[in-house]
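Let's take a friendly walk through a protein model together. Keep the picture open while you read, and look for each residue as it comes up.

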Amino acid sequence: MLFTKEVPSQEKLNFIIYIFSRLTLNLGSLIYTFAVSYSILYFTGSALYFAINLAITSVVMTLMLPLSGVMSDLGNKRKIIISGEVILTLIMAVLLIFTYFNGFNIFAIYITSFLTALVNPFVSNTFQTSMTEMFHKERIQKVMGYVSAIMSSAIIIGPAIGGVLFGLFDFYIMILIFTITYAISTLLDFFIKFDLYYDPENYVLVNSSQPETASVFGKFKHDVWQGIEYIKNSYVFLRVFIMAAFINFFASLMGIYPEKAMITELKFSPETVGIINAFDGFGVLIAGIVIGSVKQFKNPVGLMKISLILWTFTIPLYLLPMYTSMADTYSIAFFAAMGFSIAVMLQVINVPLFTFVQLTVPQHIKGRVFSAIGLFASSIAPIGTLLYGFAYDYLPFWLIHSISFAALIIMIFIFLNSRVINESKADVSKVAEELELSKTVHENTGI
């Protein structure tokens with residue numbers, strides 16, 4: 001557990017502040033995201049315009065990932081995170097002022113998505129690399145599990161509140177809420193100790209061939225390439241990250257289809273869509289509690305593969321309300337159940353993946369590896385977003401889902417083969433042995 005007497009008080013405080021900070025921010029973000037998504041589809045009726053907003057975020061974040069990876073490894077983590085959050089708060093404040101005087105404007109939304117995507121990778125990537133310095137490695141799975149469970153409360157009530165507020169107030173109220181939550185989150189993060197388990201030896205760069213006289217660009221290129229080289233030289237990491245890119249591509253379907261089907265095809269009200277989306281949070285809650293309660297995963301990539309296969313079968317199943325004479329009541333229940341199930345599966349894909357990375361990647365290069373993960377995962381996501389956005393406007397839904405189902409199944413068995421599963425399991429076992437040995441040494445020396 002995270003609150004036993006063996007856990008240092010500062011680590012407990014880190015957990016409490018981190019939870020409240022992320023919970024506040026996620027609640028505001030979900031309300032804002034719901035308002036933006038519903039507004040674009042409501043005012044334009046086009047999945048393509050909706051997809052363009054998602055694509056802007058994906059493209060810009062992908063371009064910024066290499067720089068954010070280097071900075072999160074070599075820079076001051078606390079300064080990067082807090083400075084980034086201050087900038088993001090100011091960006092949303094400007095959008096709030098503009099929208100208050102001019103109303104909903106899709107180009108203002110696009111510009112805001114562009115600006116926030118420039119900064120978000122630095123904040124999110126640095127938080128990822130700070131996890132094993134804010135919390136002890138042996139508790140990292142529990143932290144991630146409980147964080148996802150607690151965050152689910154925002155996922156549960158965020159869309160529901162967004163749906164209600166959308167029906168009652170102007171769009172700028174959603175932006176006001178998001179701006180306030182950004183400011184609160186920034187203030188809370190001032191009290192997190194980001195270097196609780198900081199060890200300078202973790203940042204000693206070994207086998208560095210970077211010349212002393214290299215230019216700034218040359219040093220940057222060398223630093224970025226170290227993360228890519230680490231992945232390229234690992235049979236497991238390379239295939240897992242290629243698979244992550246394809247997961248993000250097909251996840252575009254899950255990001256566009258439900259909203260397109262519920263808003264433009266089935267004509268559900270904002271309140272109904274918000275309540276349905278809230279069931280995603282219940283799925284995250286259940287999965288997070290289970291993941292946080294069980295012992296450390298011995299085979300996280302294997303667990304990820306099983307959940308991926310199950311998730312793939314939801315792609316054709318999701319079409320039932322569109323091709324059957326299902327009453328609205330049953331359609332609502334169906335979409336809610338699917339959202340719940342998919343949220344559970346995605347948690348059992350994401351948490352094992354990031355637990356594996358947190359445990360096995362050396363600290364001094366972790367930021368660049370995480371940025372490379374994002375680079376792999378995000379590289380084709382904009383293509384997927386635009387492609388699915390266009391496809392849902394012009395092609396039969398059954399054709400889109402049939403091709404996606406077959407392609408994803410093939411990818412899973414190619415890239416998550418038995419060798420990947422076995423070698424990743426061995427890597428996790430090695431780390432577990434090292435942690436156990438370290439714990440024994442500390443106990444014997446009275447540390």
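## A buried charge and its surroundings

Glu 259 is buried yet takes part in no salt bridge, and the nearest side chain of opposite charge, Lys 260, lies 12 Å away. Here buried means under 20% relative accessible area, exposed means over 50%, and partly exposed is in between (1.4 Å probe, protein chains only). A salt bridge needs a side-chain nitrogen of Lys or Arg within 4 Å of a carboxyl oxygen of Asp or Glu. For charge, Lys and Arg count as positive and Asp and Glu as negative, while His and the chain ends are not counted.

Please remember that this is a predicted model: local features need pLDDT of at least 70, side-chain atom pairs count only at pLDDT 80 or more, and totals for chains, interfaces and linings use all residues. Residues are numbered from 1 along each chain as its sequence is written, and side-chain values use heavy atoms, with hydrogens and water left out.

Where does Glu 259 sit? It is found in helix H8; helices (H or I, at least four residues) and strands (E, at least two) are DSSP runs, numbered from the N terminus. Leaving aside residues up to four places away in sequence, Glu 259 touches Leu 41, Phe 50, Thr 264, Val 273 and Asn 277, where a contact means heavy atoms within 4.5 Å.

Helix H8 (residues 235-265) also gives the largest nonpolar core its largest share, 15 residues. That core has 101 residues, and Tyr 257 is one of those with the most contacts inside it. A nonpolar core is a set of buried Ala, Val, Leu, Ile, Met, Phe, Trp, Tyr and Cys residues joined through side-chain atoms within 4.5 Å. Among the residues that Tyr 257 touches are Tyr 318, Phe 335, Tyr 392 and His 401.

After H8, the loop leading to helix H9 (270-293) holds Lys 267. At 62% relative accessibility, Lys 267 counts as exposed. Two residues can be set side by side for their backbone angle:

| Residue | Phi |
|---|---|
| Gly 45, just after H1 | about 70 degrees |
| Lys 267, not a glycine | about 60 degrees |

Finally, let's step back to the whole chain. How many helices and strands are there? The chain has 16 helices and 0 strands. Buried residues make up 51% of its 447 residues. Among contacts between residues at least 6 apart in sequence, 87% join residues at least 24 apart.
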